[in-house]
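Open the structure in your viewer and keep the selection tool at hand. This tour goes from stop to stop and says what to select at each.

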Amino acid sequence: FSGVKWDQLGCGEGGCGACTVMLSKFDRLQKKIVHFSVNACLAPICSLHHVAVTTVEGIGSTKTRLHPVQERISKSHGSQCGFCTPGIVMSMYTLLRNNPEPTMEEIENAFQGLPSNPMPSAVQGSTRELEILHTHIHTKSREEFLPLDPTQEPIFPPELMVNEPQKQLCFQGERVKWIQTATLKELLELKAEHPDAKLVVGNTEIGKRAMPRKGSHKVKLIGRMTVASFLGISFGAACPLSEMEKALVAAIAELPSYQTEVFKGVLEQLRWFAGKQVKSVAVSLCVKDSLTPRTRVFAKFSDHYTSTLCIFQGEYFSAFKQASRREDDIAKVTCGMRVLFKPESDQVQELDISFGGMADKTIPALKTTRKQQGRAWNEELLQEVCASLAEELSLEPDAPGGMVEFRRTLTLSFFFKFYLTVLQKLGKDSTDVSEGRAGLVVVPLGSQLFCDDIPPYSNELYLRLVTSTKAHARIKSIDISEAQKVPGFIHFLSADDIPGSNETGLFNDETVFAKHKVTCVGHIIGAVVTDTPEHAQRAAQAVKIEYEELPAIITIEVTDLKIEKGDLKKGFAEADNVVSGELYIGGQEHFYLETHCTIAVPKGEEGEMELFVSTQNTMKTQSFVAKVLGVPDNRIVVRVKRMGGGFGGKETRSTVLSTAVALAAYKTGRPVRCMLDRDEDMLITGGRHPFLARYKVGFMKTGKIVALEVEHYSNAGNTLDLSQSIMERALFHMDNCYKIPNIRGIGRLCKTNLSSNTAFRGFGGPQGMLIAEYWMSEVALTCRLPAEEVRRLNMYKEGDLTHFNQKLEGFTLPRCWDECLESSKYHARRNEIETFNKENCWKKRGLCIIPTKFGISFTAGALVHVYTDGSVLLTHGGTEMGQGLHTKMIQVASKALKIPTSKIYISETSTSTVPNTSPTAASVSADINGQAVYEACKTILQRLEPFKKKNPNGSWKDWVSLTPNLGYSFETNSGNPFHYFSYGVACSEVEIDCLTGDHKNIRTDIVMDVGSSLNPAIDIGQVEGAFVQGLGLFTLEELHYSPEGTLHTRGPSTYKIPAFGNIPIDFRVSLLRDCPNKKAIYASKAVGEPPLFLASSIFFAIKDAICAARAQHADFKMKELFQLDSPATPEKIRNACVDKFTTLEGSIPWDILQFKRAHRL
């Protein structure tokens, strides 16, 4: 495998799909070659005996020829950072190897559970359905793409065509023995000999990352990754879920409908259980999940789930599951329900109901079901069962898992859905209880190189961080004795090893390594350096730290940020109505597919070091590393090839890793590498700031806003980082697009014992604008006016001044608004939705149109080698070969810049800094390169002239440390914080299930002003990507902490980002025409961040649908205005849809109580 980088490691637990590969083997039972996709991070190498592995490099490359799948992705602009593209390519490739003409549903299933990507269909032309799809979303003709030719695929290696009985295999590792058995007898004997050994089939539960973490896997593993035969409808113990699906589908096609009720229920659950990569190897009946069972929908009948169940007329079965994200997510509550009626009647003979997620095991509701025998299937039975379930399935307020109110309500909602389903099948009721399905097929080369793809150096070492397990504590002692016993141990790094300063961070309020005290779980205390990543992980776990715990703190900084304009007291006095309330906006994990990674290579002289870093901020990485090592900035070179996503998370937080790795390289004198595991990354690096807003808005009966006051609180975490700048932008965007004559915005930064939060796409703007749209929706409800009319009434006009007194020029928002209203057919669809909501009791639709105004500040994008500490890195096109060229060049620069030669340093000659150089020959190098250096120095002096005039008595260091800004003052509320604004409008339609809180995104129309687009295809991709990331922020992604400050959501199994199925079914993006931006290059506009907030149209469409549901149940005397915090998860949606089931219990879950105590400030 030399030179092959394989696919990318995104999570290490089979949750992201970035590492997808195709496995092929000869199946002796089926007597044919089978292909299936798996997650490489979960597939033990020992299990691949006689198996062919195909990675993305094996199907095509830019050096040879792209495969049609790769080519479509490339030409259709389907890949952005490209980190997850290999996995997506291989998912599609495996599908096409098995079926060159897949249906649209099969394509959707191939990508189920994968993180969403704004890709157009990358497989058009291979099916009729995709040909139709092509006409709607593609700009290229089919003739431009290579045809799919199955005869040109790589052949299966003949040497693997083994048709002989399987033999026992044994692989011995450093700590683990893997034995692959050939017979059941061998397996039983080995299990008796090693009772503690893990029995592994697909390895989807233990997982690659989980094994070392548990620290107890010195036991032997016994594995068998073969499909047991199945006859009829009996499944072997090692039969993968994918084979189970095929068998059930075949049975449903052949058997009478009444005999396949269970099979249909199981298939529905398998459909949402996981992606193809997991189902290809996972075994359902071996799965054990004590708190939230995934697939045990057979419940108490699992001992006879095969052909002995549901063979009678009058027997019905349904299975239900509710999770945060519908596909590839662990259920909050799951259940199986079965009823058998007496012949030719609607009287219950048997009723079985079992639930998962309501205890530490699957529990049957025996008290409830025994009472129902002999009763008629009617409204009276429904009321009795619901009342009995509410009593029997009680949960304590502090029950593990939280969400007590939501989970108890789901048990009643599930039975009600089952009741209606059975009524419908009995022909007694025609109520539509269909689940429906939301899905959009979008797919994509996969040959990009990232930081960790750089080949290892011959003497490279590996680093692993040692972090705090306490939120706030003093460090009493650090014991590394056990770590030193790990093979390959080299060194333990601590604050005592730092030659420079341990202080770091933008405001010097952080440490490279905590020395006396830790202030959050995940606070970096030290690091171990070993010869392999595995040894580093073991050694880090062996470090023992003794703490003296301190109380966790939440404090409010003394200094507030404030923007005020107009006369607030007068405004509220003149208002016809005043509404006040509060809104909580949860945080968000960046979840870039490539975690933080650094390779540090010491050069061996004068403190030089080269770092390859996945960072957005090479300057701060350079200066922070230099400070830690105690060398000038010019000794440190930071190189970035590309990043597998950043979203702001690698702007400042990448330095927490790069400084530690650089110190290790300095200490050992050898190259050191570290790439964080997903759980480490999520624990250490922070995310988007959670916000709490308390607002008060005054308005007239017409909906005109006259006064607004908002207090913003943000959870900054344990250090300041960029929190102040983020709060400033939130205050600048508290108006969104609306002119408010009297306004006051206050921002307070809250220090907590959590990892420091940081920059995230939008940088505080989405939080400020969501608050604005939230109170705007309440104004419309109070005035009983259409929300779109109230928004349009209050919208800015060309030439207006914002609340921070910046004049709006080139204000294209009204054009975007009118165009979106027209293209989305807003008014016609509003009427259709009202009709739908009248006709459907338990499903409601909502529609909302939302604008955005996002300020753009210029940041310089130039290669400048003058550093803020006054040192100068000089790079030129000549090479030093003993002729003293570098010395002459330093002298030229010193004379031109009028600084000592000691301030100037030449590191290397690199084509990445000076391209197209002339050869160092013919004795002209000093002449041509000296002239180039002189001209460069003159340019720098011209740029520094304004700063020298401002501070004529300053030093060289004073002048170069200054940076230009746009000059806004909070004290006087004057100046321009932004160079220009980007505008956009989105209209979204959703449908919610009032019984479960589920929702699906039906359609979204976006009109975006990006100026004169430099590349429309890329800009549209950015709009789509930002929108989907915003969709996660406002409806899906939720961080959970324990009361002690430990982050529970530390990977894709517990933290759900949008998947392919979350993208709106109908997704339309258009760019506003004829709107050049006079303030930017080629009249274009920034497009990366502004569209993210438009996803709030989904949030407010959900709120609109909830309003319809609450209006239908007006007899419960609910308030017209209700609080819906962000994100709008199924739990919040279901609890907001007040009905007869939610009123049967009223316990408040413990996590909500904790949240109110700890986070409502």
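The stops below cover a sheet, a helix, two cores and a second group of strands. Bear in mind that the model is predicted.

**Stop 1: an open sheet**

Select S8, S9, S10 and S11. These four strands form an open sheet, in the order S8-S9-S10-S11, with antiparallel pairing. Look at the edges, where strand S8 (315–322) and strand S11 (363–364) each have a single partner strand, so one side of each has no neighbour in the sheet.

Now keep S8 and add strand S9, residues 333–341. The two run antiparallel and are joined by eight bridges. To see one of the pairs, pick Phe 320, whose bridge partner in S9 is Cys 335.

Next, show residues 261–273, which make up helix H8. H8 lies across S8 and S9, and runs at about 10° to S8.

**Stop 2: helix H11**

Select residues 379–392, the 14 residues of helix H11. From first C-alpha to last the helix reaches 20 Å, close to the 20 Å expected at 1.5 Å a residue. Which residues of H11 are buried? They are Leu 381, Leu 382, Val 385, Cys 386, Ser 388, Leu 389 and Ala 390. Their cover includes strand S10 (348–356), helix H10 (366–370) and H12.

**Stop 3: the largest nonpolar core**

Select Phe 355, Trp 377, Phe 415 and Trp 775. These residues have the most contacts inside the largest nonpolar core, which has 141 residues. Helix H12 (residues 404–426) gives the largest share, twelve residues. Colour domain 2 (241–426) and domain 4 (559–588 + 687–857 + 975–1113): both give residues to this core, so it lies between them.

Zoom in on Trp 377. Leaving aside residues up to four places away in sequence, Trp 377 touches several others, among them Val 339, Phe 341, Phe 415, Phe 418 and Tyr 419.

**Stop 4: a second core**

A separate core of 34 residues can be found by selecting some of its members, including Val 529, Ala 600, Ala 665 and Ile 684. As a general rule, nonpolar side chains in soluble globular proteins tend to be buried together.

**Stop 5: strand S12 and its partners**

Select residues 461–467, strand S12. Is this strand mostly covered or mostly uncovered? It is mostly covered, with six of its seven residues buried.

Add strand S18 (residues 524–530), which runs antiparallel to S12 and is joined to it by six bridges. Then add strand S26 (residues 672–675), which runs parallel to S12, with two bridges between them. End on Tyr 462: it stands opposite Thr 530 in S18, and its bridge partner in S26 is Arg 673.

Methods: Residues are numbered from 1 along each chain as its sequence is written. This is a predicted model: local features need pLDDT of at least 70, side-chain atom pairs count only at pLDDT 80 or more; totals for chains, interfaces and linings use all residues. Side-chain values use heavy atoms; hydrogens and water are left out. Two strands pair if DSSP finds at least two bridges between them. Contact means heavy atoms within 4.5 Å. Axes are lines fitted to C-alpha atoms, for helices over the stretch in contact, and angles run from 0 to 180 degrees between N-to-C directions. A nonpolar core is a set of buried Ala, Val, Leu, Ile, Met, Phe, Trp, Tyr and Cys residues joined through side-chain atoms within 4.5 Å. Buried means under 20% relative accessible area, exposed over 50%, partly exposed in between (1.4 Å probe, protein chains only). Domain bounds come from an automatic or database domain assignment. The expected span of a helix is 1.5 Å times one less than its number of residues.
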